[in-house]
Amino acid sequence: MAAKKLRRAQLSQEMCERLSRYQITTCQDFLCLSLLELMKVTGQSYYEVQKLLCKVSRACAPTMQTAYEMKLRKSVNPSSAFLSTTLHSLDRVLHGGVPCGSLTEITSPPGCGKTQFCIMLSVLATLPVSMGGLDAAVIYIDTESAFSAERLIEIAANRFPAYFDSDEKLLCMTRSIHLYRELTCCSVLKRIMSLEEEIISKKVKLIIIDSVASVVRKEFDTKLQGNLAERSNFLTRGASVLKYLAEEFSIPV
Amino acid sequence: MQREVGTLPLAPALRARLAAAGFQTAQELLDTGPCGLSKEIGISREEALEALQVVRQECQGDAARTAGGSGATRKCTALELLEEEQTQGFIITFCSALDNILGGGVQLTKITEICGAPGVGKTQLCMQLAVDVQIPECFGGVAGEAVFIDTEGSFMVDRVVDIAAACVQHCHLIAEAQQEEDHRKALETFSLEDILSHIYYFRCRDYTELLAQVYLLPEFLSEHSKVRLVVIDGIAFPFRHDFEDLSLRTRLLNGLAQQLIIIANDHKAAVVLTNQMTTRIGQSQSTLVPALGESWGHAATVRLILHWDNSQRLATLYKSPSQKESTIAYHITCHGFRDVQPPAVTHCPEGAEPNPRKRPRTEEEKQ
């Protein structure tokens with residue numbers, strides 16, 4: 001939205017040309033200038049500039065929704081609001097399960113079962129909606145090479161023997177879990193950025209990143225001076241892209 | 001009328017031409033008329049007419065201001081201000097200790113900043129305030145609507161439903177206890193659906209959308225004149241990452257602060273911002289301080305810092321023009337923000353959260 005070109009914000013052609021001479025081509029550049037600078041750049045009077053500001057703001061401002069509309073949308077499709085973890089006490093505490101449309105973080109000391117939990121969630125997501133799943137594909141970004149396909153099949157076969165009664169079904173399930181092994185921060189970030197198209201093409205409804213901390217700790221030593229800023233930069237950028245994906249597609253991450 | 005041409009809000013090119021042609025005061029411009037002006041400077045007649053209209057508007061505005069009428073600059077005596085402040089309502093937070101240190105609650109026409117580490121309850125407090133601003137006047141509320149601008153995506157509708165349901169039930173209890181007619185009438189319009197439909201939610205993904213939204217807010221507030229609370233949840237988030245040019249950031253933040261002050265004053269609304277904490281590394285230790293730097297500290301009138309002390313949540317009033325610095329403890333229950341129960345009260349047999357609703361309200365009922 002920020003990078004929206006001024007042309008599409010319904011400004012007149014000559015105004016856009018004039019602004020591009022000062023290298024102001026996107027809404028972001030326009031809104032970052034103060035009123036006096038805008039007057040100088042556009043050559044318009046104070047009131048005109050205010051009207052232009054409103055026009056450009058309207059082009060990139062978010063749309064309003066009341067909290068009531070949001071609630072209605074959620075209640076219309078209650079099953080799509082959460083991914084149940086099938087652990088009843090956990091679901092109760094989480095008010096229904098892992099929420100769709102927001103980021104959930106799982107932390108623990110090593111060996112407690114984070115990767116096992118992620119593997120189980122992947123299985124759950126591939127189940128049909130009638131069994132509490134999402135009936136969709138899963139994207140699994142693995143940075144520790146801890147994902148074991150054998151374990152995946154073991155969990156599926158033992159947990160839902162009635163459903164996964166044939167090899168056919170197991171194979172189908174494994175085909176819908178897309179595994180990406182990334183070993184550096186840059187590649188993780190690049191992979192996150194490229195996820196949007198994959199989500200649409202493969203009909204993904206769950207993204208798991210296992211784990212963020214390991215790859216960050218490997219590369220950024222916090223005792224060195226400049227690294228703290230770079231590390232938080234990387235983390236916040238990744239977080240905002242993931243939040244955008246989660247909200248846009250209403251899927252749990 | 002003697003206003004200099006250079007101070008008029010005309011386009012800079014036009015101003016330069018007027019200066020080159022020798023015009024010095026606005027009166028000269030008006031005397032020349034549009035045709036004369038267009039011939040002297042070499043602009044079209046329509047442009048000249050437009051410029052003259054702007055000049056006339058400005059001069060009328062000036063005259064009105066010097067005559068002591070209402071305008072951009074408001075003059076009033078301190079007595080009038082005192083009366084205004086006393087009749088002004090506060091937005092309560094349902095935690096009486098917090099209301100006490102704030103002097104009654106969140107004040108209208110002021111900017112309140114809530115800082116805290118992640119998970120301490122900033123968004124919870126904002127959601128609580130968005131519900132509390134709608135409490136009808138006969139129950140001690142402000143009867144307004146709320147605008148919620150979310151930059152972090154931490155707004156959960158289900159949680160607002162919980163908080164709103166608890167608030168409605170609380171008002172029902174008071175109405176039953178007091179049995180007054182206007183209480184009953186107010187309750188008819190104070191239901192869950194009404195509360196939710198009066199919270200206007202905007203989701204801003206980055207700082208450009210936030211800037212755009214704040215530019216459009218005055219218009220929105222004029223259309224929805226009942227709005228009494230503007231919450232910006234996470235003003236630090238879009239400005240913290242990916243910003244190489246720190247001076248641009250400071251400039252944008254200052255512009256934002258000024259616009260919010262104008263909005264707060266013009267529309268008699270309270271503005272609540274939430275800020276993140278950052279670590280300042282000193283010589284021997286590191287302390288948590290509010291993010292966005294020292295210059296941002298001047299933007300807010302009232303600053304509240306929420307922090308942990310072992311497992312107890314505390315709120316400290318860090319900056320306020322009228323109240324002194326103090327710290328209180330609070331709780332976040334399934335019903336929202338509440339006081340901490342003193343140990344004398346017995347807990348429910350299942351060991352569930354104690355029901356603190358009666359306690360914070362008794363002071364208000366006596367009013």
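Buried area is the accessible area, computed with a 1.4 Å probe, that two parts lose on being put together, summed over both. In this predicted model, the two parts to begin with are chain A and chain B, between which about 3,700 Å² is buried, carbon and sulfur atoms giving 63% of that area.

**Stop 1: the interface.** Colour the two chains separately and select the residues of each that are in contact with the other chain; the selection should hold 43 residues of chain A and 43 residues of chain B. Between the two chains the count of salt bridges is 4, and one to display is the pair formed by B:R203 and A:E247, whose closest N and O atoms lie 2.8 Å apart. Across the interface of chain A and chain B there are also 8 residue pairs in polar contact, counted where both residues have pLDDT 80 or more. On the side of chain A that touches chain B, at least two residues each come from α2 (27–31), α3 (35–42), α4 (46–60), β1 (65–66), α5 (67–76) and α13 (227–249). Among these, select α13(A) next, since the most residues on that side, 8, are supplied by this helix.

**Stop 2: helix α8 of chain A.** Select residues 149–159 of chain A and show the side chains of A:L152, A:I155 and A:A156, which are buried. Why do these residues lie on the same side of α8(A)? They cover an arc of only 95 degrees around the axis, and this places them on one and the same side of the helix. Turn the view to the face directed away from the buried side, where the exposed residues A:E150 and A:N158 are found. To see what the buried residues of α8(A) pack against, add α7 (114–126), α9 (167–175) and β5 (177–181) of chain A.

**Stop 3: strands β4 and β6 of chain A.** Select residues 204–210 of chain A, the strand β6, in which 6 of the 7 residues are buried, so that the strand is largely enclosed by the rest of the structure. Then add β4 (residues 137–142) of chain A, which runs parallel to β6(A) and is joined to it by 6 bridges. One place to start following the pairing is A:A137, whose bridge partner in β6(A) is A:V204.

**Stop 4: chain B as a whole.** Finally, hide chain A and show chain B as a cartoon, in which 13 helices and 13 strands can be traced. Of the 367 residues of chain B, 49% count as buried. Among the contacts in chain B with a separation of 6 or more, 64% join residues that are 24 or more positions apart.

Definitions and conventions
Residues are numbered from 1 along each chain as its sequence is written. Chains are lettered from A and ligands numbered from 1 in the order in which they are written. This is a predicted model: local features need pLDDT of at least 70, side-chain atom pairs count only at pLDDT 80 or more; totals for chains, interfaces and linings use all residues. Side-chain values use heavy atoms; hydrogens and water are left out. Buried means under 20% relative accessible area, exposed over 50%, partly exposed in between (1.4 Å probe, protein chains only). Helices (H or I, at least four residues) and strands (E, at least two) are DSSP runs, numbered from the N terminus. The arc is that of the directions from the helix axis to the C-beta atoms. Contact means heavy atoms within 4.5 Å. Two strands pair if DSSP finds at least two bridges between them. A salt bridge is a side-chain nitrogen of Lys or Arg within 4 Å of a carboxyl oxygen of Asp or Glu. A polar contact is a pair of N or O atoms within 3.5 Å; within protein, one must be able to donate a hydrogen and the other to accept it, and residues adjacent in sequence count only if both atoms are side-chain atoms.
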